[in-house]
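Please find below a colleague's note on the structure, set out as numbered points. The points concern packing, empty space and charged side chains.

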Amino acid sequence: MEQPLLDIRSLETQFFTDDGLARAVDGVSYSLARGETVGVVGESGCGKSVTALSILRLIPNPPGRIVGGEIMFEGTNLLDLSPAEMRRIRGNDISMIFQEPMTSLNPVFTIGNQIGEAVRLHQGLSNKEATNKAIEMLTLVGIPEPARRVHEYPHQLSGGMRQRAMIAMALSCNPKVLIADEPTTALDVTIEAQILDLMRNLQSELGTAVILITHDLGVVAEMARKVVVMYAGKVVEQAPVEAIFAEPNHPYTQGLLNSLPNAELGTASGLQKRRLQEIPGIVPSLLNLPQGCKFASRCPKAMAVCEEKEPPLEQVSVEHFSACWLNH
């Protein structure tokens, strides 16, 4: 087996607050092969984005700190690198598309200036060369009139264009890993489809490996090869995308899939319309996690052991892992 490009091993990231200790990422492990897309799904607050920020070592300290585990990138543990060494990797080898482009883009600098900054820093280009590179990247992501847009400011672009500019910025140094954090959250469905098509095309052209963070299982079905399901800071299931949809093992994954609208059961098909199922209850507070399975209080299949002991993540079939006492 080829060594993974990125291998997260038992990662622990905690926040030390006035109200107590929050275990935002609690022993998370998953890997990413070259050119692969891994979808990371789960409800808000489950640790998806904190894991991504930990990879880039962008956790604000205080109050946050990575307290355990390893993040292996091409055989090097990123947690052992100095800040200067990490800056050489961040934006160059590993890039990130942040969740909200309007807050991620600097309002007082032009789009061209912001895209060009990374290539000036990492590739030593002159200002003129960096501007030409920015125009080239805006062309690549399908922004019309790139030579004009390169001199515009974020507020002059539409939401879809800002998202494309963010992608152009993230890809400007041809990174080996692209972390896309909810890349289509604030976009309407037409623009969302265009952005996903763009990411797929760029991935096939550039061979970039992608970590796609989302709560939208439809996006995962379309884009990912492997899916990591997170709940309350932990990985509860991990499998190839086909297995997640055909044979979800963990009750939480089953709940997520049951809460999806099912087009086939609409009235147009002559079948009775199925009522959407919800997952009862709320995610436990990271400041006060239960001692057993974190999902037990919301699980329709919970047993006595679930309240007492935390289930380990174990293999249930080829490439399929789940953390549930029902497998024992």
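The points below refer to a predicted model.

1. Nonpolar cores. The largest nonpolar core has 35 residues, and those with the most contacts inside it are Tyr30, Ile55, Leu78, Ile94, Ile179 and Ile211. Strand 2, which spans residues 20-32, gives the most to this core, namely six residues. A second core, separate from this one, has 30 residues, among them Leu138, Leu157, Ile195 and Val219. As background, nonpolar side chains in soluble globular proteins tend to be buried together.

2. Surroundings of Ile211. Not counting residues up to four places away in sequence, Ile211 touches Leu6, Tyr30, Leu32, Val38, Val40, Ile55, Leu178, Ile179 and Ala180. Among the core residues with the most contacts, Tyr30, Ile55 and Ile179 are listed together with Ile211.

3. Lys48. Which side chain of opposite charge is nearest to Lys48? The nearest is Glu182, 4.5 Å away, and Lys48 is buried yet has no salt bridge. Because a salt bridge requires the nitrogen and the carboxyl oxygen to be within 4 Å, a separation of 4.5 Å does not qualify. Lys48 lies in helix 1, residues 48-55. Leaving aside neighbours within four places in sequence, Lys48 is in contact with Val40, Val41, Gly42, Glu43, Glu182, Ile213, Thr214 and Met230.

4. The pair Arg298 and Glu43. Glu43, one of the contacts of Lys48, forms a salt bridge with Arg298, in which the closest N and O atoms are 3.1 Å apart. Arg298 lies in the loop between helix 11 and helix 12 (304-308) and Glu43 in the loop between strand 3 (37-41) and helix 1, so the pair ties together parts that are 255 residues apart in sequence. Arg298 is buried, at a relative accessible area of 4%, whereas Glu43 is partly exposed, at 25%.

5. Other salt bridges. How many salt bridges does a search of the whole structure find? The search finds 16. Arg149 and Glu152 meet in one of 2.8 Å, N to O, and both of these residues are buried. Asp197 and Arg200 meet in another, of 2.5 Å, N to O. Both lie in helix 8 (residues 189-206), three residues apart, or about one turn of the helix. Asp197 is partly exposed, with a relative accessible area of 37%, and Arg200 is partly exposed as well, with 27%. Elsewhere, salt bridges that share partners join Asp26, Lys234, Lys294 and Glu310 into one network.

6. Helix 11. Six of the eight residues of helix 11 (residues 251-258) are buried, so the helix is largely enclosed by the rest of the structure. The buried residues are Pro251, Tyr252, Thr253, Gly255, Leu256 and Leu257. What covers them includes helix 9 (217-223), strand 9 (226-231), strand 10 (234-240) and helix 10 (241-246).

7. Cavities. The whole structure holds two cavities of 30 Å³ or more. The largest contains about 70 Å³ of space. Its lining includes Pro251 and His250, together with Cys293, Cys299, Cys306 and Cys324.

8. Largest pocket. About 600 Å³ of space lies in the largest pocket. Of its 21 lining residues, the closest to the centre are Gly91, Met96, Phe98, Ala118 and Met169. Strand 6 (94-97), helix 4 (111-123) and helix 7 (159-171) are the elements that give two or more residues to the lining. Helix 4 supplies the largest share, six residues.

Methods:
Residues numbered from 1 in each chain as written. Predicted model: local features only at pLDDT ≥ 70, side-chain atom pairs only at ≥ 80, totals over all residues. Heavy atoms only, no water. Helix = DSSP H or I, 4+ residues; strand = E, 2+ residues; numbered from the N terminus. Buried < 20%, exposed > 50% of the residue type's maximum accessible area, 1.4 Å probe, protein only. Lys, Arg positive; Asp, Glu negative; His and termini not counted. Contact = heavy atoms within 4.5 Å. Core = buried A, V, L, I, M, F, W, Y, C linked by side-chain atoms within 4.5 Å. 1 Å grid on protein atoms, 1.4 Å probe; cavity = no way out; pocket = protein on both sides within 12 Å on 5 of 7 lines; lining within 4 Å. Points joined across faces, edges and corners; volume = space filled by probe spheres on them.
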